[in-house]
Amino acid sequence: MCGIVAFCDKSVLDKDLTIHSMMKMIQHRGPNVKGSGYYTNDQVAMGFRRLSVIDLKGGKQPIFNEDESILITFNGEIYNYKSLRKELLAAGHTFRTEADTEVLLHGYEEWGMEGLLSRVRGMFAFLIWDDNKKAMFGARDFFGIKPLYYYHENGTFIIGSEIKSFLVHPNFKKELNEKAVKPFLMNQYNDLKETFFKGVYRFPAGHWFEFKDDKLDIHEYWDAHYDIDYQRSDEETIDEIDKTVEESVEAHHIADVPVGAFLSEGVDSSYVTTILKPEEVFSINFDEGPFDEASVAKQLADHEGLHFNQTSVKGDEAFRDFAEMQYHLDEPDANPSVIPLWYLCRLARKKVTVVLSGEGADELFAGYINYGVHTKNKTIRAIAADIHKLPDGMRRGIAGAIKKMPDFPGKTQLYTQAAKPRDYYNGQAWVYDMDQPSIFTSQQANDVLQPEYRNSLTVNGIYQEDFDKVSDAEEVKQMQYIDLHHFMLSDILQKADKISMAHSLELRVPYLDRKVAELANTIPSSKLLNSHDSKDIFRKAAARHLPKDWAKRPKLGFPVPIKSWLREEKYCAQVRSLFSEEWVGQFFEQDRILTLLQDNFDGKVDARRQIWNIFTFLTWYKLFFVDFDGTRERYEHLQPDVQKFMDEGVLV
């Protein structure tokens with residue numbers, strides 16, 4: 001696990017100094033100085049910061065091919081690298097290291113980008129400079145586990161693991177992407193292709209690129225497809241799930257450093273942990289509640305004979321460290337689970353370099369309640385089930401009629417069983433009020449924003465392009481596809497990578513594996529989400545490894561006590577102080593957001609998530625735009641001089 005950055009810009013004369021400064025901005029991703037390095041020529045500069053996980057002594061990057069005409073920098077892990085290495089050795093390639101990185105380099109030589117990417121199993125973002133073709137090539141993994149961003153303006157091309165490294169490039173123009181503000185308020189994270197920094201884009205998951213002569217060509221090599229196997233029995237399906245998950249966990253265990261696991265009371269992390277059986281497992285609680293996940297997780301750790309590590313989060317430290325969390329995220333992310341993940345990673349890094357986690361199971365195996373009839377009212381459930389069985393034309397007519405009705409208990413449940421997902425589904429921002437995102441509706445966001453940030457955009461509108469791609473799939477699969485390409489990609493994986501790497505910790509996600517996904521995508525929705533449970537058949541596979549009834553435990557996520565925090569004067573005062581700063585008026589109607597904050601404090605409304613979204617955005621904006629020099633000084637410390645770097649043998 002590492003950090004990479006590169007640029008092509010003929011106008012930059014001192015490429016060594018520039019790339020070094022950019023590498024310094026992401027030093028947390030790779031603290032092993034002697035394994036880090038960079039390369040420059042008259043066309044390109046490529047930098048690498050290393051966190052040593054495989055081949056601790058010999059994996060220094062960039063790595064060159066046999067005649068040194070091609071080189072690579074790589075962030076991630078290739079889990080099947082040993083078998084690919086054997087193929088490449090048999091084909092006549094010479095390896096300089098034992099690292100998985102070199103498989104990508106020689107694989108590119110042997111098979112080209114498409115052939116290489118069809119063979120690999122792993123999480124990755126990598127960059128290859130081919131001096132023979134005077135071109136850069138690169139790719140991002142199937143799901144976007146590893147981040148990759150790019151900027152291409154006026155003859156300057158920059159690409160790398162984190163946006164903050166772009167900010168010190170002399171030709172990077174830092175501007176706020178004003179189009180991202182309203183969608184963020186509605187959704188708690190930026191779900192646009194363009195980031196909060198104007199001109200900076202997320203490189204798409206499952207794609208590769210070629211950059212030559214200032215032209216960027218992007219190609220897709222993988223996406224989720226839903227070829228359902230309706231003939232496979234339940235028992236056969238359970239066998240396949242268990243076999244595939246076991247294989248993935250085993251593959252994700254490969255490392256030359258200690259490997260641990262995150263453990264909550266939920267089935268996803270518990271399944272991984274009982275297969276992996278690491279020496280160290282890690283869990284977290286809040287001093288203020290509202291739930292005690294750690295005690296339940298400890299029961300499983302004790303049952304499996306694993307060493308249990310626990311920490312508790314206090315409100316004081318959460319507010320103290322919140323700005324640093326947003327700095328490392330690059331873009332604002334108001335998902336409350338950012339906070340416990342920060343302290344969980346800090347705890348784990350004291351014992352291990354690598355941890356396995358349970359992200360991805362909900363998106364692949366239909367674990368979200370949003371996908372089904374989310375009510376305990378038996379009458380409503382029965383009516384909704386009957387509606388769902390009707391022909392499509394009748395269902396859509398019923399949906400239109402229900403939507404026009406006054407609110408009544410069960411309205412949302414009935415509507416969602418009659419309507420097309422593309423007409424209402426807002427991903428995991430959506431909750432159980434008609435057309436209501438969990439944070440702000442489109443109108444509510446317009447009400448607090450200044451006129452230049454208002455528009456008619458809805459969260460659902462962002463997803464129509466992706467709904468088109470899966471219009472023939474089962475409706476639950478359509479919703480899974482949306483979450484895999486939005487909530488998972490832009491929120492869950494964003495925070496998982498950035499928060500773990502802020503602590504120089506490698507986080508691996510064995511459910512987000514190509515083979516696991518390809519199996520999950522063949523399972524009928526009725527086997528996953530039904531009257532028994534969400535992730536039903538997945539839970540039955542997990543039950544083969546877990547104590548009795550453990551696999552049936554409900555999903556809690558990371559329950560964060562934001563509600564109670566914002567009704568404590570000392571925390572409310574901190575938010576009020578930020579809301580009152582003069583520059584905030586360029587974005588928000590300050591009287592309105594201050595009134596919203598006070599009404600929430602007084603218990604007149606429950607606006608915790610709306611307040612937290614605004615607080616998160618303002619915290620982030622202050623770091624990167626109001627006082628960026630102070631931010632760099634606070635979080636990046638003093639930069640070592642270039643000569644010292646050269647003396648340590650880091651320069652290529």
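Hi everyone, let's start with a pair: Arg85 and Glu98 form a salt bridge, and their closest N and O atoms are 3.4 Å apart. Arg85 belongs to helix 2, residues 81-90, while Glu98 sits in the loop between helix 2 and helix 3 (101-117), so this is a link between distant parts of the chain, 13 residues apart. The two partners are not equally covered. Arg85 has 14% relative accessibility and so counts as buried, whereas Glu98, with a relative accessible area of 47%, is partly exposed.

Before I go on, please keep in mind that what you see is a predicted model.

How many salt bridges does the structure hold? The count is 43. As a quick reminder of the principle, side chains of opposite charge can pair when their charged atoms come close.

Now to my favourite spot, around Arg121 and Asp513. The side chains of these two residues meet in a salt bridge, at 2.7 Å from N to O. Where do the partners sit along the chain? Arg121 is in the loop between helix 3 and strand 6 (122-130), and Asp513 is in the loop between strand 17 (506-508) and helix 20 (514-520). That puts them 392 residues apart, so you can see distant parts of the chain being linked here. Buried or exposed, then, for Arg121? Arg121 counts as buried because its relative accessibility is 10%. Asp513 also counts as buried, because its value is 2%.

Stay in that region and look at Ser248, which is found in helix 5, residues 234-251. What does Ser248 contact once we leave aside its neighbours within four places in sequence? The contacts are Arg121, Pro510, Asp513 and Val516, so both partners of the salt bridge we just discussed are among them. Ser248 has 0% relative accessibility, and therefore it counts as buried.

Helix 5 gives us another pair to look at. Glu235 forms a salt bridge with Arg544, and the closest N and O atoms are 2.9 Å apart. Arg544 lies in the loop between helix 22 (536-542) and helix 23 (562-565), and Glu235 in helix 5, so the pair ties together parts that are 309 residues apart in sequence. Arg544, at 39% relative accessibility, counts as partly exposed, and so does Glu235, at 48%.

One last thing to find on your screens, and this one goes beyond a pair. Arg29, Lys146, Glu162, Lys164, Asp330, Asp497 and Lys498 are linked in a network of salt bridges. Thanks, and I'm happy to take questions!

Technical notes:
Residues are numbered from 1 along each chain as its sequence is written. This is a predicted model: local features need pLDDT of at least 70, side-chain atom pairs count only at pLDDT 80 or more; totals for chains, interfaces and linings use all residues. Side-chain values use heavy atoms; hydrogens and water are left out. Helices (H or I, at least four residues) and strands (E, at least two) are DSSP runs, numbered from the N terminus. Buried means under 20% relative accessible area, exposed over 50%, partly exposed in between (1.4 Å probe, protein chains only). Contact means heavy atoms within 4.5 Å. A salt bridge is a side-chain nitrogen of Lys or Arg within 4 Å of a carboxyl oxygen of Asp or Glu.
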